[in-house]
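User: Please take a close look at the charged side chains of this model and how they pair. Describe their surroundings as well, and set them against the chain as a whole.

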Amino acid sequence: MESESGDGFRPWRHPVSLGSSMLLRAMAPSRMLSLLLPAIALAAAAQWYGDARYQDAVTGIGAATRLLGLWSPDVLTRGWVWQCLTHMFMHGNLTHLLTNLLGLVLLGPIVERTVGKRHFIGLYLVSGLCGAACWLALRPQDMIPVVGASGAIMGVFGGFLALYPSRKVFVIFLPFLKFQAWIMGALLLLAHIVLMIRPEWLGIPVAYEVHIGGLVGGALYTWLVFIPAYTARLRRQGLIDVLKPKP
């Protein structure tokens, strides 16, 4: 998804302007993403190498995916809770990896420059963990391994729509369809719920539950953690007075 000009982050004046003249600069790789993007790529490469060299004797799949992908019975009955984190750095194939990296490149820099490096990594990790929790809650007996950063990246979009709900966005392969971010988020959530119930309609294996959990988790993190912390900091600095009525 890409963004175009619209209302900026409210209710505070933020030093990053996201008008059309600043869009490309806002999308330039930021410091945290400059570390996160290669880390995801290197983790996927290591996973594929491990899968090619070793296979799990019971399931017959690659050992790295078996150990580090998200398997509901392993987490819920064997206590392999690390899978809730490690699955975010695993990927099924090169197309899966590149698609996720593209989504992170398009919206990640804008969100990171708004919330800062610390809150961005918190947003990313919390979103991924919320995606894993949603999968475990809705698919506790499922033996399909879940891999991919999609839940965390959906959370980045959730953070974006929480910060810039009125900004117009469009799907990169359908640039003629433009919606406000909150409308796009609602449509995306509705589509995922429908496809979660009827996955045969799309016909490809997608962990819709992880996407839903990540999207909701990212929006909630922004609303409940970043925005209150940012408001409190500005209030301590005397930059805002929340008790004064808006002009």
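Analyst: The account below starts with the whole chain, goes on to the charged side chains, and ends with some neighbouring and separate sites.

This is a predicted model, in which local features need pLDDT of at least 70 and side-chain atom pairs count only at pLDDT 80 or more, whereas totals for chains, interfaces and linings use all residues. Residues are numbered from 1 along each chain as its sequence is written, and side-chain values use heavy atoms, with hydrogens and water left out.

The protein chain has ten helices and three strands. Both kinds of element are DSSP runs numbered from the N terminus, helices being H or I with at least four residues and strands E with at least two. Read from the N terminus, their order is β-α-α-α-α-α-α-α-α-β-β-α-α. The chain has 247 residues, and 46% of them count as buried; buried means under 20% relative accessible area, exposed over 50%, and partly exposed in between, with a 1.4 Å probe and protein chains only. The accessible surface is about 13000 Å², and carbon and sulfur atoms account for 68% of that area. Such areas come from the Shrake-Rupley method with a 1.4 Å probe, and for residues only the protein chains shown count as cover. Of the contacts between residues at least 6 apart in sequence, 71% join residues at least 24 apart, a contact being heavy atoms within 4.5 Å.

The structure holds four salt bridges. The term covers a side-chain nitrogen of Lys or Arg within 4 Å of a carboxyl oxygen of Asp or Glu. One of them pairs Asp 74 with Arg 78, whose closest N and O atoms are 3.6 Å apart. These two residues are about one helical turn from each other, because they are four residues apart in helix H4 (residues 72–78). The partners differ in cover: Asp 74 is buried at 5% relative accessible area, while Arg 78 is partly exposed at 49%.

Arg 139 takes part in two of the pairings. In its salt bridge with Asp 142, the closest N and O atoms are 2.2 Å apart. Asp 142 has a relative accessible area of 12% and is therefore buried, and Arg 139, at 27%, is partly exposed. Arg 139 also forms a salt bridge with Glu 209, with 3.1 Å between the closest N and O atoms. Glu 209 belongs to helix H10 (residues 208–236) and Arg 139 to the loop between H7 and helix H8 (150–163), so this pair ties together parts that are 70 residues apart in sequence. Glu 209 is buried, its relative accessible area being 4%. Elsewhere, salt bridges with shared partners join Arg 66, Asp 74 and Arg 78 into one network.

Asp 51, in helix H2 (residues 31–53), is a contrasting case. Asp 51 is buried but has no salt bridge, and the nearest side chain of opposite charge, that of Arg 66, is 10 Å away. For this purpose Lys and Arg count as positive and Asp and Glu as negative, while His and the chain ends are not counted. A polar atom of the Asp 51 side chain does lie 3.0 Å from the backbone nitrogen of Ala 64. Beyond its neighbours within four places in sequence, Asp 51 is in contact with Gly 62, Ala 63, Ala 64 and Thr 65.

Leu 136 sits in helix H7 (residues 117–138) and is buried because its relative accessibility is 11%. Its C-alpha is 8.7 Å from that of Pro 73, which is 63 residues away in sequence. Not counting residues up to four places away in sequence, Leu 136 touches Leu 70, Ser 72, Val 75, Leu 76 and Cys 84.

Cys 84 is itself buried, with a relative accessible area of 14%. Cys 134 is in no disulfide, and the nearest cysteine sulfur, that of Cys 130, is 9.0 Å away. With a disulfide taken as a pair of cysteine sulfur atoms within 2.5 Å, the count is zero. Cys 134 is also buried, at 17% relative accessible area.

Phe 179 lies in strand S3 (residues 178–180) and is partly exposed at 29% relative accessibility. Eleven residues separate Phe 179 from Lys 168 in sequence, and their C-alpha atoms are 5.2 Å apart. Leaving out residues up to four places away in sequence, Phe 179 touches Arg 167, Lys 168, Val 169, Met 184 and Leu 187.

How values were computed
A polar contact is a pair of N or O atoms within 3.5 Å; within protein, one must be able to donate a hydrogen and the other to accept it, and residues adjacent in sequence count only if both atoms are side-chain atoms.
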